[in-house]
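Here is a short briefing for a reader who is new to this structure. Look at the sequence and the model together, then work through the points below.

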Amino acid sequence: MQQEDKILLFYKAVGAVFKEMRVNNNSVSISRFAREYDLDRGNLSKIERGKLSCRILTAWKIAEASGFKFSDFAKKLEEKLGAEFKIFDD
C-alpha cells in the first residue's frame, strides 16, 4: 500500500474512532457537541468523515469532551488500524 493510501486510511480511522466515542458516550448530535465544546462543526464533521486531519491538541480536546483520556483514543485507534499498520514501510 502506498503511503498516501495509508494516510487516508489513518484519517478515516481517526474519524471513525472520534465518531464512535462521541455517539457511544454522549449520544449528542455533531452540531450540539461542537457547540458545547467550542469546536468548529464543519471541521469536526470533516474529521469524523476522514476528510481532514487534526492537530494533536484538537484530538485531545475531542477525546476529553467525549469523556475519554487521550490514551484511550490512541488505544482505540490502534485497535481500529490493526497491529500491523505502519505509515512507513520497513
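In which helix is Arg41 found? Arg41 belongs to helix H3, which covers residues 41-48. Keep in mind that this is a predicted model. The points below go from surface charge to salt bridges, then to the surroundings of helix H4 and to the loops.

**Surface charge**

- Five residues form a positive surface patch: Lys12, Arg41, Lys46, Arg49 and Lys51.
- Arg41, one of these patch residues, has a relative accessibility of 40% and so counts as partly exposed.

**Salt bridges**

- How many salt bridges does a search of the whole structure find? The search finds 4. Three of them are described here, pair by pair.
- Lys6 and Asp89 meet through their side chains in a salt bridge, at 2.3 Å from N to O. Lys6 sits in helix H1 and Asp89 in the segment after H5, so this pair ties together parts 83 residues apart in sequence.
- Is Lys6 buried or exposed? Lys6 is buried, because its relative accessible area is 7% and the cut-off for buried is under 20%. Its partner Asp89 is exposed, at 57% relative accessibility.
- Lys80 forms a salt bridge with Glu20, and their closest N and O atoms are 3.8 Å apart. This pair also links distant parts of the chain: Lys80 is in helix H5 and Glu20 in helix H1, 60 residues apart.
- Both ends of that bridge count as partly exposed: Lys80 has 43% relative accessibility, and Glu20 has 33%.
- Arg32 and Glu36 meet in a salt bridge of 2.6 Å, N to O, between their side chains. Both lie in helix H2, 4 residues apart, so about one helical turn separates them.
- Arg32 is partly exposed, with a relative accessible area of 40%. Glu36 is partly exposed as well, at 44%.

**Helix H4 and its cover**

- Which residues of H4 are buried? They are Thr58, Ala59, Ile62, Ala63 and Ala65.
- The cover over these buried residues includes helix H1 (3-26), helix H2 (30-36), H3 and H5.
- Gly67 follows H4 and has a positive phi, near 90°.

**The loop between H4 and H5**

- Ser66 lies in the loop that joins helix H4 (56-65) to helix H5 (70-81).
- Why does Ser66 count as buried? Its relative accessibility is 0%, and buried means under 20%.
- What does Ser66 touch, leaving out residues up to four places away in sequence? Its contacts are Met21, Arg22, Asn25, Asn26 and Phe33.
- Asn24 is found in helix H1. Asn24 is exposed, with a relative accessible area of 59%.
- Asn24 and Ser66 are 42 residues apart along the chain, and 8.8 Å separates their C-alpha atoms.

**The loop between H2 and H3**

- Where does Asp38 lie? Asp38 is in the loop between H2 and H3.
- Asp38 is exposed, as its relative accessible area is 67%.
- The phi of Asp38 is positive, near 55°, and this residue is not a glycine. Most residues other than glycine have a negative phi.

Note on methods. Residues numbered from 1 in each chain as written. Predicted model: local features only at pLDDT ≥ 70, side-chain atom pairs only at ≥ 80, totals over all residues. Heavy atoms only, no water. Patch = residues over 30% accessible without salt bridge, like charges linked within 9 Å, V, L, I, M, F, W, Y side chains within 5 Å. Areas by Shrake-Rupley, 256 points an atom, 1.4 Å probe, with all protein chains shown as cover. Lys, Arg positive; Asp, Glu negative; His and termini not counted. Charge placed at Lys NZ, Arg CZ, Asp CG, Glu CD. Helix = DSSP H or I, 4+ residues; strand = E, 2+ residues; numbered from the N terminus. Buried < 20%, exposed > 50% of the residue type's maximum accessible area, 1.4 Å probe, protein only. Contact = heavy atoms within 4.5 Å.
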